[in-house]
Amino acid sequence: MKAGRYNFTSESVSEGHPDKVCDRISDAIVDLYLSQDPYARVAVETMATTNQVVLAGEVRGPASITADRLVEVAREAVKGIGYEQDGFHWKNMDVKCFVHSQSADIAVGVDAAGNKDEGAGDQGIMFGYACRETPALMPAPIHYSHAILKSLADARHSGAAPWLGPDAKSQVTLQYENGKPVRATAVVVSTQHAEGVSQEEVRELVRPHILKILPEGWMCGEDSFYVNPTGRFVIGGPDGDAGLTGRKIIVDTYGGAAPHGGGAFSGKDPTKVDRSAAYAARYLAKNVVAAGLADRCTIQVSYAIGVSKPLSVYVDTYGTGRVDEDRLSVVLQQLVDLSPRGIRTHLGLNRPIYARTAAYGHFGREPDADGGFSWERTDLAHDLHTAFY
């Protein structure tokens with residue numbers, strides 16, 4: 001972020017947003033395969049529209065996982081989100097499955113063989129980022145945007161707000177002074193609701209969730225607080241707009257406050273560096289900041305398909321670093337093996353831990369006891385600090 005005073009905005013979308021429905025289904029399929037075989041290969045895309053879901057992609061895993069089972073997983077995912085509407089219902093929707101075996105050409109380049117280590121599943125660049133704006137070491141606008149929608153979803157699932165629908169979006173604009181967020185200048189929330197509920201009723205239900213999430217005194221003025229600006233949001237989800245896997249990559253990462261390599265995460269097993277290396281880059285950047293070596297840090301890694309080691313590891317601390325960036329790049333690679341196999345081993349990624357990542361961000365979450373969100377640990381901070389001091 002630049003110096004001086006400026007405003008910056010990030011958005012989030014809920015688990016019931018059409019694209020997030022698709023991310024959830026695709027990641028539930030990844031979890032299914034990894035629960036049966038930790039080394040299964042999965043690249044599955046989902047498309048959803050009015051009472052229709054289409055599954056497509058490539059897999060390599062147990063033959064016991066049939067197309068019928070994948071259809072069941074899709075229904076379970078949609079049921080978990082809470083869709084029981086005329087235009088999109090977990091039980092009544094038509095699910096078509098076009099998932100097939102992985103290409104042998106891809107497999108031969110990626111698999112380990114003889115003296116060759118397992119290679120990256122594709123070429124590409126991945127970024128990780130961390131900063132001191134929030135306790136989670138995430139940019140504040142995306143952090144609060146996620147938290148507002150998660151709070152509303154919790155109220156819906158608990159029954160405290162039964163007339164809220166699953167589809168929702170949020171947008172938070174924060175004012176920065178000298179690089180630090182100081183208050184909200186605008187907040188937008190659009191949330192699906194039951195027929196007959198007024199815009200004002202929705203507004204007053206949403207308000208306490210925002211006040212709970214934003215720091216005290218940060219709430220914007222009434223004229224910049226927008227709830228369902230069109231006035232009505234009854235038809236939503238895939239019934240209102242078609243959804244696709246991987247179409248909310250900025251929501252998934254840093255809300256536009258940091259670069260993104262372009263690759264989506266959901267529907268991919270951890271041999272795909274689009275996913276695993278982006279997690280590793282976040283892990284490294286977060287630990288750099290947690291170790292006190294910088295206040296902001298971006299890390300870029302790059303790969304070639306079939307090649308195990310990264311082609312480059314770039315570090316940028318935006319002038320906030322307390323150590324040499326070139327030396328920091330070397331130390332990070334000494335502490336963590338950034339080959340696809342090394343990343344999966346270090347972070348324990350060959351587990352069914354991905355459906356939970358599909359909404360409210362892949363980053364800034366609390367690590368789970370079963371290994372979920374392992375890339376949010378700061379267990380590397382001590383070794384990093386020791387390497388320099």
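How do the axes of helix 8 and helix 10 cross, and within what distance do they come? The views below take up this crossing and then other parts of the structure, which is a predicted model.

**View 1. Helix 8 crosses helix 10.** The axis of helix 8 (residues 325-335) comes within 11 Å of the axis of helix 10 (residues 381-388), and the two cross at roughly 135°. An angle over 145 degrees would count as roughly antiparallel, and one from 65 to 115 as roughly perpendicular. Helix 8 is therefore oblique to helix 10. The crossing of these two helices is right-handed. On the side of helix 8, the contact is made by R327, L328, V331, L332 and L335. Helix 10 supplies D383, L384, A387 and F388. Sorted by class, the contact of helix 8 with helix 10 holds 7 nonpolar and 2 charged residues, and no polar ones.

**View 2. A sheet of 3 strands, with helix 8 packed on it.** The strands of this open sheet follow the order 7-12-13, and their pairing is antiparallel. Strand 7 (124-131) and strand 13 (312-316) are the edge strands, each pairing on one side only. On average, neighbouring strands in this sheet are turned by 15° against each other, direction ignored. Between strand 12 (residues 296-303) and strand 13 there are 5 bridges, in the antiparallel sense. Within this pair, Q300 stands opposite Y314 of strand 13. Helix 8 packs on the sheet and touches strand 12 and strand 13. The direction of helix 8 makes about 130° with that of strand 13.

**View 3. A sheet of 4 strands.** Which strands lie at the edges of the open sheet with the order 6-3-2-11? The pairing in this sheet is mixed. Its edge strands are strand 6 (94-101) and strand 11 (243-244), and each of them pairs on one side only. Strand 11 pairs with strand 2 (residues 41-49) over 2 bridges, in the antiparallel sense. M47 is found opposite L244, a residue of strand 11.

**View 4. Two helices against the sheet of 4 strands.** Strand 2 and strand 11 pair over 2 bridges. Helix 1 (residues 18-36) packs on this sheet, where it touches strand 2, strand 3 (52-60) and strand 11. The direction of helix 1 makes about 150° with that of strand 2. Helix 2 (residues 67-81) lies across strand 3 and strand 6. Helix 2 runs at about 130° to strand 6.

**View 5. A salt bridge between D19 and R247.** Side chains of opposite charge can pair when their charged atoms come close. Here the side chains of D19 and R247 form a salt bridge, at 2.9 Å from N to O. The pair links distant parts of the chain, 228 residues apart. D19 belongs to helix 1, whereas R247 sits in the loop between strand 11 and helix 6 (249-252). The count for the model comes to 26 salt bridges.

**View 6. Helix 4 crosses helix 5.** Two packed helices are described by the angle between their axes and the distance between the axes. For helix 4 (residues 140-158) and helix 5 (residues 199-213), the axes come within 9 Å and cross at roughly 130°. Helix 4 and helix 5 are therefore oblique to each other. Their crossing is right-handed. From helix 4, the residues Y144, A147, I148, S151, L152 and A155 take part in the contact. They meet L205, V206, H209, I210, K212 and I213 of helix 5. By class, this contact of helix 4 with helix 5 has 9 nonpolar residues, 2 polar and 1 charged.

Terms used: Residues numbered from 1 in each chain as written. Predicted model: local features only at pLDDT ≥ 70, side-chain atom pairs only at ≥ 80, totals over all residues. Heavy atoms only, no water. Pairing = 2+ DSSP bridges. Contact = heavy atoms within 4.5 Å. Axes fitted to C-alpha atoms, helices over the stretch in contact; angles between N-to-C directions. Parallel < 35°, antiparallel > 145°, perpendicular 65-115°, else oblique. Left-handed = near helix turned anticlockwise from the far one by under 90°. Nonpolar A, V, L, I, M, F, W, Y, C, P; charged D, E, K, R; others polar. Salt bridge = Lys/Arg side-chain N within 4 Å of Asp/Glu carboxyl O.
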